[in-house]
Amino acid sequence: MDEHILPEDSGKKPVKPRTDEEKQAVLNRLKRIEGQVRGIQKMVEEDRYCVDVLIQISAINKALTKVGHNLMERHTHHCVSDAIKKGNGDEAIDELMKVVQQFSK
């Protein structure tokens, strides 16, 4: 396994569980993105102009990136910060850097 690849499921849990409001906000964003993807599928079925489809794909990529950045920020403030306070900072920072690298590809 490539040392820069993270597993799909680490088996870990957040240090501070997401609040119901946080969960709902992320879920709402993902549902909007899901709707956008279905919209693109319909555009392809209707043989819409390529540039119009590409613009929608770009919007989805930006929306997913924003969700990811929000999750990374929360992870850093809670999980990484907690690990540093407990003396496990190097491992948490390495893990964070791997996910940042994966996210940046």
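A92 lies in helix α3. Helices here are DSSP runs (H or I, at least four residues), numbered from the N terminus. The exercises use a predicted model, where local features need pLDDT of at least 70, side-chain atom pairs count only at pLDDT 80 or more, and totals for chains, interfaces and linings use all residues. Residues are numbered from 1 along each chain as its sequence is written, and side-chain values use heavy atoms, with hydrogens and water left out.

**Exercise 1. Decide whether A92 is buried or exposed, and place A92 relative to S81.**

Step 1. Set the cut-offs: buried is under 20% relative accessible area, exposed is over 50%, and partly exposed is in between (1.4 Å probe, protein chains only).
Step 2. A92 has 10% relative accessibility, so A92 counts as buried.
Step 3. S81 and A92 are 11 residues apart along the chain. Their C-alpha atoms are separated by 8.6 Å.

**Exercise 2. Describe the largest pocket: its volume, its lining and the elements that contribute.**

Step 1. Define the object. On a 1 Å grid over the protein atoms alone, a cavity is a set of points where a 1.4 Å probe fits but cannot get out, while a pocket is an open set with protein on both sides within 12 Å along at least five of seven lines. Lining residues have an atom within 4 Å of a point.
Step 2. The volume is about 1000 Å³. It is the space filled by probe spheres set on the points, with grid points joined across faces, edges and corners.
Step 3. The lining holds 27 residues. S10, K12, H75, C79 and E95 lie nearest the centre of the pocket.
Step 4. Two elements give two or more residues each: α2 (50-85) and α3 (89-104). α2 gives the most, with nine residues.
Step 5. Sort the lining by class: 12 nonpolar, five polar and 10 charged. Ala, Val, Leu, Ile, Met, Phe, Trp, Tyr, Cys and Pro count as nonpolar; Asp, Glu, Lys and Arg as charged; the others, Gly among them, as polar.
Step 6. Look at H75, which lies in helix α2. At 25% relative accessibility, H75 is partly exposed. H75 and T65 are 10 residues apart in sequence and 15 Å apart in space, C-alpha to C-alpha.

**Exercise 3. How many salt bridges does the whole structure have, and which residues pair with R38, E46 and K86?**

Step 1. Apply the criterion: a side-chain nitrogen of Lys or Arg within 4 Å of a carboxyl oxygen of Asp or Glu. The search finds five.
Step 2. R38 pairs with E34 at 3.5 Å, N to O. Both lie in helix α1 (residues 20-45), four residues apart, about one turn of the helix. E34 is partly exposed at 46%, and R38 is partly exposed at 48%.
Step 3. E46 pairs with K42, the closest N and O atoms being 3.9 Å apart. E46 is partly exposed at 44%.
Step 4. K86 pairs with D82 at 3.2 Å, N to O. K86 is exposed, with a relative accessible area of 60%.

**Exercise 4. Find where D47 lies and what marks its backbone.**

Step 1. D47 is in the loop between α1 and α2.
Step 2. Its phi is near 55°, a positive value in a residue other than glycine.
Step 3. At 67% relative accessibility, D47 counts as exposed.
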